[in-house]
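Me: I should like to learn how to read a model of this kind, one feature at a time. May we begin with a single side chain and then widen the view?

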Amino acid sequence: MIFLNAPIQQDEIIALLDDQTVNGVHYKLTSHNGMKLVFQTDADDLEAAAANAKKAIKAQQWGSVLFFQAGVEK
């Protein structure tokens, strides 16, 4: 699983990734607690899946200036 810590634009991030396939990686929201969003993914390389999600968010008009953290949930 991967996590995204985002204090704002959470609804937009969820709409972009939840139950969606982005560049061949499927994401499913599993928990949302405060600013932490946790997604299950079908990727073998979780670091690459987190980077892929971050890239997809940054490609959005609202995401290009968004400050957030993406990483692997342990």
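Me: Which backbone oxygen does the side chain of threonine 41 reach?

Reply: This is a predicted model, in which local features need pLDDT of at least 70 and side-chain atom pairs count only at pLDDT 80 or more, while totals for chains, interfaces and linings use all residues. Residues are numbered from 1 along each chain as its sequence is written, and side-chain values use heavy atoms, with hydrogens and water left out. A polar contact is a pair of N or O atoms within 3.5 Å; within protein, one must be able to donate a hydrogen and the other to accept it, and residues adjacent in sequence count only if both atoms are side-chain atoms. Here the side chain of threonine 41 reaches the backbone oxygen of histidine 26 at 3.1 Å. The backbone nitrogen of alanine 43 lies 3.3 Å from the side chain of threonine 41.

Me: Is threonine 41 buried or exposed?

Reply: Buried means under 20% relative accessible area, exposed over 50%, and partly exposed in between (1.4 Å probe, protein chains only). With 15%, threonine 41 is buried. Threonine 41 belongs to strand 4; helices (H or I, at least four residues) and strands (E, at least two) are DSSP runs, numbered from the N terminus.

Me: Which residues of helix 1 are buried?

Reply: An α-helix has 3.6 residues a turn, so residues three or four places apart point the same way. In helix 1 the buried residues are Gln10, Ile13, Ile14 and Leu17. They lie on the same side of helix 1 because they cover an arc of only 100° around the axis, taken from the directions from the helix axis to the C-beta atoms. Asp11 and Ala15, on the other side of helix 1, are exposed.

Me: Which elements supply the largest nonpolar core?

Reply: A nonpolar core is a set of buried Ala, Val, Leu, Ile, Met, Phe, Trp, Tyr and Cys residues joined through side-chain atoms within 4.5 Å. The largest one has 18 residues, and Ile2, Leu4, Ile13, Leu17, Tyr27, Phe39 and Ile57 touch the most other members. Strand 1 (2-5), helix 1 (10-17), strand 3 (25-33), strand 4 (36-41) and helix 2 (46-58) each give at least two residues. Helix 2 contributes the most, with five residues.

Me: In what order do the strands of the sheet lie?

Reply: Two strands pair if DSSP finds at least two bridges between them. The open sheet of five strands has the order 2-3-4-1-5, with antiparallel pairing. Strand 2 and strand 5 (69-72) are the edge strands, each pairing on one side only. Strands 1 and 4 run antiparallel and are joined by four bridges.
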